[in-house]
Amino acid sequence: MLEPAFLSGSNLIGILRSVSLIGIMALGMTFVIMTGGIDLSVGPVSAIAGLVAYFALLSGYGVGVALLAGAGLGLLIGIANGLLVASLGLPAIIVTLGTLSIVRGTALLLGGPELHAIRDQAAYSAIGAGNLGGVPVPVLIFLALAALAWILQDRTPFGTVVAAVGDNERAAWLSGLNVTATKAAAYGLCGCLAAVAGMIQSSQVHTASATYGKFGTELDVIAAVVLGGTQLSGGAGSVTRTLLGVLFLGILNNGMNILNISIDIQLIAKGIIIALALSLAARRAG
């Protein structure tokens, strides 16, 4: 209402582009939270995946190998998180907080705190900075992954099993469901998608760094998922509604930027609006 430029096509595409990385991570986080867990390590996983892809490219490997290396590492880290949570019965917040520190430290050992420029890699750069039909490639990747996540949740048994584990883990186990494998798969998917987001980011800015995926990334991801209606207690959630949560955050940030609201006021307003939205959602659910 205050700024007509908000509804312009270029601005709406810009919103989608700005939320694509958080959105990709939120797709995986949806399944983790549906199991009743949480993953705080997505930020460092995204950073180390970008570094691994960078070193693979530096060593002369093709873009395909670099992407597989980064995504594969994220998958392995996620599976490790899931196995520790499921097999040892450790709280997910403790396990993934430890993983956050371990992965960040490993990334710093691997690449140090400096930026590593990615040069002469047109195919890799196109992943984060390219356009197809006027639409940024990261947006297309986000939408494609969202469609695949929706199929996984609504058109395969996996979505039902994840919901069952989150709703009542013991009942799911007594029913013959493999709780350990389900959690390992959910966390593995989350780690893999965090790695994908990290490689897209490194492609966008043409650099890789252990300091990317800074503190607060995981909070935005979790906020988007919970704003979409996924219960932190597990058992209920929707990839489709997660998309709405992601868009809500994107519209909120973009609107305040267009109105030239200072960053300190933005942070306060964003926190208040998210808290109100979550409290209203909790009241409706109750």
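Q: Which residue just after H3 takes a positive phi of about 70°?
A: The model is predicted: local features need pLDDT of at least 70, side-chain atom pairs count only at pLDDT 80 or more, and totals for chains, interfaces and linings use all residues. Residues are numbered from 1 along each chain as its sequence is written, and side-chain values use heavy atoms, without hydrogens and water. Helix H3 (a DSSP run of H or I, at least four residues, numbered from the N terminus) comprises residues 63-88. Just after H3, the residue with this positive phi is Gly 89.

Q: How far apart are the end C-alpha atoms of H3?
A: The expected span of a helix is 1.5 Å times one less than its number of residues. The 26 residues of H3 should therefore span 38 Å. The distance between the end C-alpha atoms agrees with this, at 37 Å.

Q: Which helices are included in what covers the buried residues of H3?
A: Buried means under 20% relative accessible area, exposed over 50%, and partly exposed in between (1.4 Å probe, protein chains only). The buried residues of H3 include Gly 70, Gly 74, Ile 77 and Asn 81. Residues three or four places apart in an α-helix point the same way, because there are 3.6 residues a turn. The cover includes H2 (42-58), H4 (92-111), H5 and H9 (179-205).

Q: Which residues does Ser 125 contact, leaving aside its neighbours within four places in sequence?
A: Ser 125 belongs to helix H5 (residues 122-129). Its relative accessible area is 15%, so Ser 125 is buried. With contact taken as heavy atoms within 4.5 Å, its partners are Gly 130, Ser 203 and His 206.

Q: Is Val 165 buried or exposed?
A: Val 165 is part of helix H7 (residues 157-167). Not counting residues up to four places away in sequence, Val 165 touches Thr 35, Ala 172, Val 179, Thr 182 and Lys 183. Because its relative accessibility is 1%, Val 165 counts as buried.

Q: How many disulfides are there?
A: A disulfide is a pair of cysteine sulfur atoms within 2.5 Å. By this rule the count is zero. Cys 190 is in no disulfide, since its nearest cysteine sulfur, that of Cys 192, is 10 Å away. The count of disulfides is zero.

Q: What is the relative accessible area of Cys 190?
A: Cys 190 is classed as buried. This is because its relative accessible area is 0%.

Q: What is the relative accessible area of Ile 265?
A: Ile 265 lies in helix H12 (residues 263-285). Ile 265 is partly exposed, because its relative accessible area is 44%.

Technical notes
Helix = DSSP H or I, 4+ residues; strand = E, 2+ residues; numbered from the N terminus.
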